[in-house]
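User: I'm new to this one and keep tripping over the labels people put on it. Can we go through a few and see where they come from?

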Amino acid sequence: MDTLIPSVSATITPAPSPSPTPEIVQGTISIWHSFEEGQRNILFRQIAVFQKEYPYVLFDVQYIPLLDLLPAFQTAIQDGRGPTILIAPASWGPALFDQDFVVDLASRVDENLLNGLNPPAVQSGKYHDAIISLPFDIKGVVLYRNQAIIRVSPATYDDMVSLVQSATQGEIMGAYLERGFYFSGGHLYGLGGEFIGEDGQPLFDRDNYRYSMAWVDLLKAFEYLGPTEYNNDQDLALFKESRVGLIIDGTWNMQSLAEAIGEDNLAIDPWPRYQDGHLAGFVESENIYLTTRSREENPQISWSFIQSMVSEEMQVSLAEVGLIPAGSGAAEYHLADKVNIDHRLIAQAMVALMDGAPYPILPEFGAYNKPMDVALQSVLYKKDDSLKALQTAYDSIQATLSNLHPTPSSTSTVQP
């Protein structure tokens with residue numbers, strides 16, 4: 001809206017020029033979300049803070065269950081309705097952007113803003129050359145430790161081996177590590193490799209041979225630390241019985257693990273260093289989107305609120321309702337006793353997920369999961385040749401991608 005400046009009539013007597021009336025920012029911000037009941041207060045609290053600065057801005061906030069959110073949003077936008085801001089999983093982003101339902105934020109985002117957020121989660125909002133969303137809260141795969149069994153955090157993989165071997169005695173196992181693709185795929189990124197390129201094509205071919213083999217060899221070496229798991233919950237069950245020192249699992253089980261063994265006994269460790277890299281877990285995020293519906297309002301209003309949602313003050317408050325903030329600075333400040341985050345485990349999860357790997361959001365990644373699981377199982381349990389198993393996975397993925405995108409492409413192999 002144009003700046004409102006009162007008119008001034010000319011007078012003979014000189015008088016001070018009146019100051020311009022401050023610009024009145026007004027409009028409506030519409031938000032669709034799927035926050036659970038106990039988590040909604042943080043959103044309404046931030047709205048109240050925002051309205052103190054912008055008292056003429058109205059809010060229309062609608063809760064929609066996650067299972068219904070995507071189809072409801074797509075239908076609404078197609079009908080010329082819907083929110084100006086959507087809070088939803090990062091994995092929805094590419095399809096929404098291709099459908100012109102969400103806006104590219106690249107021209108609005110600066111480096112300072114991005115540097116204040118979890119790096120893997122930031123990557124989840126990037127699609128080709130666009131920034132299609134910003135991370136709000138995060139979850140992912142982490143290394144849990146029972147401090148009653150293993151008292152110190154392993155800084156390196158060799159430390160982990162030593163600590164696990166010392167802890168293993170009787171019915172106590174030092175480690176029970178998960179090797180399923182979702183839970184182990186992040187290690188490849190921690191070692192310097194990748195599964196998928198920006199064009200959707202596999203990157204574990206011969207040009208990245210050393211990373212792929214280092215990843216597979218690492219998973220094989222888990223067997224020397226104790227029993228291993230593959231997409232099952234035996235490791236989780238035994239950890240809850242205080243019979244295991246280290247497991248790899250998701251942050252969504254943090255509360256149940258703390259209740260089982262006692263919060264004082266549970267720790268989430270930074271990923272140990274390994275060779276020239278480190279172990280890692282996939283990071284996923286719930287993101288904030290500026291929708292194309294915002295163009296019908298003042299898009300700057302909704303963008304200003306998005307910026308407030310990823311501010312450090314707002315991010316710190318997420319821990320109060322059990323969410324893991326996407327802000328990178330909040331955990332560091334907490335550990336330095338500069339900011340009070342009550343939940344120690346959430347702060348530890350934030351630090352661990354800083355060194356995580358972005359779970360790929362490209363639609364093509366759906367073609368990777370089954371072939372990679374088959375390859376890992378054939379290598380880890382049938383003791384098949386690693387190169388042949390990876391080659392089979394590569395060929396299977398390429399075949400699926402060719403059906404999705406029937407264009408000529410060159411062939412590649414995973415042979416050294």
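Analyst: Sure, starting with R293 and E296: in this predicted model, the closest N and O atoms of their salt bridge are 2.9 Å apart.

User: What makes R293 and E296 a salt bridge?

Analyst: The cut-off is 4 Å between a side-chain nitrogen of Lys or Arg and a carboxyl oxygen of Asp or Glu. R293 and E296 come to 2.9 Å, so the pair qualifies as a salt bridge.

User: And why does E296 count as exposed?

Analyst: Exposed means over 50% relative accessible area. E296 has 55%, so it counts as exposed.

User: What about R243 and E241, why are they called partly exposed?

Analyst: Partly exposed runs between the 20% and 50% marks. R243 has a relative accessible area of 27%, so that label fits, and E241 gets it too because its value is 49%. These two also form a salt bridge, with the closest N and O atoms 3.7 Å apart.

User: How many salt bridges does the whole structure have?

Analyst: Eight turn up in a search of the whole structure. One of the pairs is D269 with R145, whose closest N and O atoms are 2.7 Å apart.

User: What parts does the pair of D269 and R145 tie together?

Analyst: D269 sits in strand β11 (residues 266-269) and R145 in strand β6 (residues 134-146), so the pair ties together parts that are 124 residues apart in sequence. Both D269 and R145 are buried, too.

User: Now I248: why is it called buried?

Analyst: Buried needs under 20% relative accessible area. I248 has 1%, so it counts as buried. You'll find I248 in strand β10 (residues 244-250), and its contacts beyond the sequence neighbours within four places include V142, F222, D235 and W271. The C-alpha atoms of I248 and V142 are 5.7 Å apart, although 106 residues separate them along the chain.

User: D235 is buried as well, so how do you know that it has no salt bridge?

Analyst: Look at the nearest side chain of opposite charge: that's K240, 9.9 Å away. A salt bridge has to be within 4 Å, so this one doesn't make it. D235 is in helix α10 (residues 234-240), and its contacts include Y176, E178 and E229.

User: Last one: what makes strands β1 and β2 a pair?

Analyst: Two strands pair if there are at least two bridges between them. β1 and β2 have seven, in the parallel sense. Within that pairing, I29 has F59 as its bridge partner in β2.

Key. Residues numbered from 1 in each chain as written. Predicted model: local features only at pLDDT ≥ 70, side-chain atom pairs only at ≥ 80, totals over all residues. Heavy atoms only, no water. Helix = DSSP H or I, 4+ residues; strand = E, 2+ residues; numbered from the N terminus. Buried < 20%, exposed > 50% of the residue type's maximum accessible area, 1.4 Å probe, protein only. Contact = heavy atoms within 4.5 Å. Lys, Arg positive; Asp, Glu negative; His and termini not counted.
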